[in-house]
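Colleague: Before I plan anything at the bench, could you take me through the aromatic pairs and the ligand surroundings of this model?

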Amino acid sequence: MNEYDSNRILDLVKTIDYSLTTNLAETDCYVLNTCHIREKATEKVFHDIGRVKKNFRNKKKPILIVTGCVAQAEGEELLKKENYIDGVVGPQSYHDIPGIIKRAEIKKNKFNSTDFNTIEKFDHLKIIKNSNSKVSSYLTIQEGCDKFCHFCVVPYTRGPEFSRSFSEIILEAKQLVNNGSKEITLLGQNVNAYKYDKYKLSDLINKLSNIKGLERIRYTTSHPRDVSDDLMDAHRDCDKLMPLLHLPVQSGSDKILKAMNRKHNIEYYLNIVEKLKKKNKLLKFSSDFIIGYPGETSHDFQETIDLVKKVKFINSYSFIYSVRPGTPASNLIIPDLSLSKKRLEEFQKISNEIKNSYRKNILNNKVKVLFENKIKNENLYFGRDEHHNSVIVKSEIDLVGKINDVEINNFNRNTLFGDIILINNKKKVIAA
Ligand code: SAH
Ligand code: SF4
């Protein structure tokens, strides 16, 4: 979501004649977009500001704005601690950035804009065209969360659940497709809680699938409680909806899920997985896991391992529990860090083995790849298959924006490698 936000911030500042630069030592203004989900976020901000200061030693200081969830959580504190910062702007107030830059150009005041102005933000954004022209683009449809898992900072930094207007989203999707996007990933902290008037996420998916030129639709991140029957049906009926569902479970232990206030247990979770697999047999799953949550015993941990083995997630993202100030879990006793690290290592070893055997099965098989970009200075093209696996092929022909079959002949932990199969006069030819 920060990538989407950064692109939209760029669209906003273009209206006051600023543009994007990659020359970090020459910029007039820095906008540091931050994430607060796990620890060290604030330290990273100070580290980055240190780098800016170094670049601008003996030069005129650039305007420096900190936005995103660290700005929301630390607001005034950041301004007090670091005089170099001109403004802090929360993720629901970033439409204020052009005004703050203009004022910072002439005044010495510091600006703090951390109210939850989500409606106002999207009212601003809807009149400024989304100029992103990537083959695969993000589109925020929902923000915030009302679920209050005990470990999580999101409900406090992104605010309450909010769904954008149905027609606004369709309009923005059409803009993206007109700019060249072939794939759109719908975003939300709880994307499947999307609800606007009578419309749900499945309505949005079905409507988007009618847009000519849009080839692929994805959505992330979903909560197991909000996987409704109509959404499951969309996985059966909508060809453009890609067959990968990222469905964070966090733990395999009912006891820990309850302590986390997750509002689902393992039986409920597995039931969804089974139902979805019946709707669409191509569907695969990925998930997030928190290791070393307060109270996690070796038995609880073993249940997490059992779950991973059972569902065979094709990607498992695992994190050691990180105390987030102000969350209910922050008062609990943290387990021994060295034990949590050991468990994380074991977890990752097993989840990587599962991923590896899944990838072995793809060897010598065909996958459909949407190519996103050419790798610099080489005739190599990067794309993703339907299950969101990274794929790299060699090709003399420009593949960007094209969907092609690829025969996979090698892989490593991050990438599949293969040869592209072109259908030419109904004959298959391999592009060297
Ligand atoms: N809304 C999604 C998750 C959003 S946060 C859901 O309900 O699952 C993204 C991921 O960050 C989470 O799935 C979780 O695994 C991880 N995460 C969030 N807070 C964390 C914390 N305090 N410590 C470690 N990992 C955390
Ligand atoms: Fe955080 Fe997701 Fe739980 Fe909301 S549902 S509190 S975003 S982990």
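Modeller: A residue is called buried under 20% relative accessible area, exposed over 50% and partly exposed in between, with a 1.4 Å probe and protein chains only. This is a predicted model, in which local features need pLDDT of at least 70 and side-chain atom pairs count only at pLDDT 80 or more, while totals for chains, interfaces and linings use all residues. Residues are numbered from 1 along each chain as its sequence is written, chains are lettered from A and ligands numbered from 1 in the order in which they are written, and side-chain values use heavy atoms, with hydrogens and water left out.

Colleague: Are Y293 and Y321 buried or exposed?

Modeller: By the cut-offs just given, Y293 and Y321 fall into one class, and that class is buried.

Colleague: How many aromatic pairs are there, and of what kind is the pair of F289 and F313?

Modeller: Rings of Phe, Tyr and Trp (its six-membered ring) pair if their centres lie within 6.5 Å, and planes under 30 degrees apart count as stacked, over 60 as edge-to-face and the rest as tilted. The count by this rule is nine aromatic pairs. For F289 and F313 the ring centres are 5.6 Å apart and the planes stand at 75°, so this pair is edge-to-face.

Colleague: How many residues apart in sequence are the parts that F289 and F313 tie together?

Modeller: Helices (H or I, at least four residues) and strands (E, at least two) are DSSP runs, numbered from the N terminus. F289 belongs to strand 13 (residues 284-291), whereas F313 sits in the loop between helix 12 (298-311) and strand 14 (315-320), so the parts tied together are apart in sequence by 24 residues.

Colleague: Which class does F289 belong to, at its relative accessibility?

Modeller: The relative accessibility of F289 is 0%, so F289 counts as buried.

Colleague: What share of the accessible area of ligand 1 does the protein cover?

Modeller: Among the polar contacts (a pair of N or O atoms within 3.5 Å), a polar side-chain atom of D288 lies 2.6 Å from an oxygen atom of ligand 1. For R262, a polar side-chain atom is 3.0 Å from an oxygen atom of ligand 1. Of the 540 Å² of accessible area (Shrake-Rupley method, 1.4 Å probe) that ligand 1 has on its own, the protein covers 90%.

Colleague: Which strands each supply at least two residues of the shell around ligand 1?

Modeller: A residue is near a molecule if one of its heavy atoms lies within 4 Å of it, and 16 residues surround ligand 1. At least two residues of this shell come from each of strand 13 and strand 14.

Notes. A polar contact is a pair of N or O atoms within 3.5 Å; within protein, one must be able to donate a hydrogen and the other to accept it, and residues adjacent in sequence count only if both atoms are side-chain atoms.
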